[in-house]
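Welcome to this short tour. Keep your viewer open and follow the selections in order.

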Amino acid sequence: MPPTKKLDLVPEELVDQLKAMLAERGFGDIIEVTEEFNTLLQGHGVEIRVGKTSVGNFSKMLKDQRDAFSMAETLLSDMDLEAESDMH
């Protein structure tokens, strides 16, 4: 069994802040986001430091997830248009 990811040990409200930080920067600027996030963790008394690779992987996962939702939304809206045109 693989070891637990450090981000899984971080309180959810802080992970939500990481998500917001990444989204604001277009899921880039990983080094700066990592430094800011580690400062945030320290400020909240969390004795975990995450590396840029972890933040980068998390950023990629969030971006891929966002892209998949966007694609699904587009496909669903296209299906609705087709269904509506079949009614007329």
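Two terms will help at every stop: a residue is buried under 20% relative accessible area, exposed over 50% and partly exposed in between, using a 1.4 Å probe and protein chains only. Helices (H or I, at least four residues) and strands (E, at least two) are DSSP runs, numbered from the N terminus.

This is a predicted model, in which local features need pLDDT of at least 70 and side-chain atom pairs count only at pLDDT 80 or more, while totals for chains, interfaces and linings use all residues. Residues are numbered from 1 along each chain as its sequence is written, and side-chain values use heavy atoms, with hydrogens and water left out.

**Stop 1: the whole chain.** Show the protein chain as a cartoon and you should find three helices and zero strands, in the order α-α-α. Of its 88 residues, 24% are buried.

**Stop 2: helix α1.** Select α1, whose 13 residues reach 18 Å from first C-alpha to last, close to the 18 Å expected at 1.5 Å a residue; that expected span is 1.5 Å times one less than the number of residues. Now show side chains for Leu-14, Val-15, Leu-18, Met-21 and Leu-22, the buried residues of α1. They lie on the same side of α1 because they cover an arc of only 110° around the axis, taken from the directions from the helix axis to the C-beta atoms. Turn to the face away from this buried side and you will meet the exposed residues Glu-12, Glu-13 and Glu-24. Just after α1, look at Gly-26, which has a positive phi of about 65°.

**Stop 3: the core.** Next, select Leu-7, Val-10, Leu-14, Leu-18, Leu-22, Phe-37 and Phe-58, which touch the most other members of the largest nonpolar core, a group of 18 residues. Such a core is a set of buried Ala, Val, Leu, Ile, Met, Phe, Trp, Tyr and Cys residues joined through side-chain atoms within 4.5 Å. Helices α1 (12-24), α2 (30-43) and α3 (52-87) each supply at least two of its residues, and α1 gives the most, with five.

**Stop 4: two phenylalanines.** Center on Phe-37 in helix α2. Is Phe-37 buried or exposed? Phe-37 is buried, with a relative accessible area of 0%. Beyond neighbours within four places in sequence, Phe-37 is in contact (heavy atoms within 4.5 Å) with Leu-7, Val-10, Leu-14, Leu-18, Met-21 and Val-50. Finally, select Phe-58: with the same sequence neighbours set aside, its contacts are Leu-7, Val-15, Leu-18, Lys-19 and Leu-22.
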